[in-house]
Amino acid sequence: MVASPSRPHLLFIDGLPGSGKSTAAEAVGGHVCNSQVFAETAQDHPLLVAAPDRMGAAFSDIHEVHSPASFAAAALDRLESFLTCAGSDVLYVFESHPIQSTVRVLFQLDAPQATILQFWSDLQDRLALVQSRLIYFREPDPVQAVKDIARLRGPVWESYLIGAFQQSPWMRARALSGVEGAYRLLAEYADLVDRLAGLWRLPILTLPARPESYPARTDALIKWTTAPVAPDRP
């Protein structure tokens, strides 16, 4: 039997704001030799459709450039371009992707559910050609979680978040504004991504966004990340 060629290895770490994605990504990068970590705010992030600002990748004005369909197409094009040049001897770790940096943007653009589901399926079709895994931090109470992180990060961060959401087609289509509108958006968005996580066909590890022990959660995700990928079924 001829051995199959080595394929790029991608790890996605995703969840709501404040769930510990960046800390987890840094922990994996520090533990795994020959890894490359891309934070959500990285200016050289190869998968982002637009450049992030200094506080994140909210893409508050993305609706001025893209429709839901064109954004989905651009996100898939970015992924395909990256996969063509990705090395097979590197673990690429992406924080806040593909949920926060793509699905959330599609949601803000008020994309029809059919468009989001098609994107989610198309994304996995492309990732099936490489070794890819998703770590998802699930939050059972997303609104309270964001309120808690807003208290920790302060009013500047909360204003940034609300301002970005307030410009979105999703909120405008529902005549929503302010903090209450932003929290409604977050609640419905969190429900959507929980359902999408259930539709993920590739290896996935779901962990609590606010665990009893963060070190134990980190140990669990590193152990899972470094375990061999199960061979493809014939």
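This report describes the sheet, one of the helices and the internal cavity of a predicted model.

## The sheet and its pairings

The model contains an open sheet of five strands in the order β2-β3-β1-β4-β5, and the pairing throughout this sheet is parallel. At its edges stand β2 (35-38) and β5, and because each of them has a single partner strand, one side of each is left without a neighbour in the sheet. From one strand to the next, the twist averages 15°.

Two of the pairings can be described in terms of their bridges. Strand β1 (residues 9-15) runs parallel to strand β4 (residues 131-138), and seven bridges join the two. On its other pairing, β4 meets β5 in the parallel sense over five bridges. Particular residues that stand opposite one another in these pairings are set out below.

| Residue | Residue opposite | Strand of the residue opposite |
|---|---|---|
| His 9 | Gln 131 | β4 |
| Asp 14 | Tyr 136 | β4 |
| Tyr 136 | Thr 206 | β5 |

Tyr 136 therefore appears in two rows, since it stands opposite Asp 14 and also opposite Thr 206 in β5.Strand β4 is mostly covered, with six of its eight residues buried. Helix α8 (residues 178-198) packs on the sheet, where it touches β4 and β5, and the direction of this helix makes about 140° with that of β4.

## Ile 204 in the edge strand

Ile 204 lies in strand β5, which spans residues 204-208. What is the relative accessible area of Ile 204? The value is 28%, and because buried means under 20% and exposed over 50%, Ile 204 is classed as partly exposed. When its neighbours within four places in sequence are left aside, Ile 204 is in contact with Leu 134, Tyr 136, Ala 197 and Trp 224. One of these partners, Tyr 136, is also the residue that stands opposite Thr 206 in β5. Ile 204 and Ile 13 are separated by 191 residues in sequence, while their C-alpha atoms are 10.0 Å apart in space.

## Helix α3 and Thr 102

Helix α3 (residues 99-108) is mostly covered, and 10 of its 10 residues are buried. The buried residues of α3 include Arg 104 and Gln 108, along with Ile 99, Val 103, Val 105, Leu 106 and Phe 107. The helix is followed by Asp 110, whose phi is positive, near 60°.

Thr 102 has its place in this helix, and with a relative accessible area of 1% it is buried. Leaving aside neighbours within four places in sequence, the contacts of Thr 102 are with Phe 71, Ala 75, His 97 and Phe 119.

## The cavity

How many cavities of 30 Å³ or more does the model hold? The count comes to one, and about 70 Å³ of space lies in the largest cavity. Its lining is made up of Phe 12, Leu 47, Ala 75, Leu 76, Leu 79, His 97, Pro 98, Thr 102, Phe 119, Leu 123 and Leu 127. The elements that give two or more residues to this lining are α2 (68-85) and α4 (113-127). By residue class, the lining divides into nine nonpolar and two polar residues, with no charged residue.

Thr 102 links this section to the preceding one, as a residue of α3 that also lines the largest cavity. Ala 75, His 97 and Phe 119, which are among the contacts of Thr 102, likewise belong to the lining of the largest cavity.

Note on methods:
Residues are numbered from 1 along each chain as its sequence is written. This is a predicted model: local features need pLDDT of at least 70, side-chain atom pairs count only at pLDDT 80 or more; totals for chains, interfaces and linings use all residues. Side-chain values use heavy atoms; hydrogens and water are left out. On a 1 Å grid over the protein atoms alone, a cavity is a set of points where a 1.4 Å probe fits but cannot get out, and a pocket is an open set with protein on both sides within 12 Å along at least five of seven lines; lining residues have an atom within 4 Å of a point. Grid points are joined across faces, edges and corners, and a volume is the space filled by probe spheres set on the points. Helices (H or I, at least four residues) and strands (E, at least two) are DSSP runs, numbered from the N terminus. Ala, Val, Leu, Ile, Met, Phe, Trp, Tyr, Cys and Pro count as nonpolar, Asp, Glu, Lys and Arg as charged, and the others, Gly among them, as polar. Buried means under 20% relative accessible area, exposed over 50%, partly exposed in between (1.4 Å probe, protein chains only). Contact means heavy atoms within 4.5 Å. Two strands pair if DSSP finds at least two bridges between them. Axes are lines fitted to C-alpha atoms, for helices over the stretch in contact, and angles run from 0 to 180 degrees between N-to-C directions.
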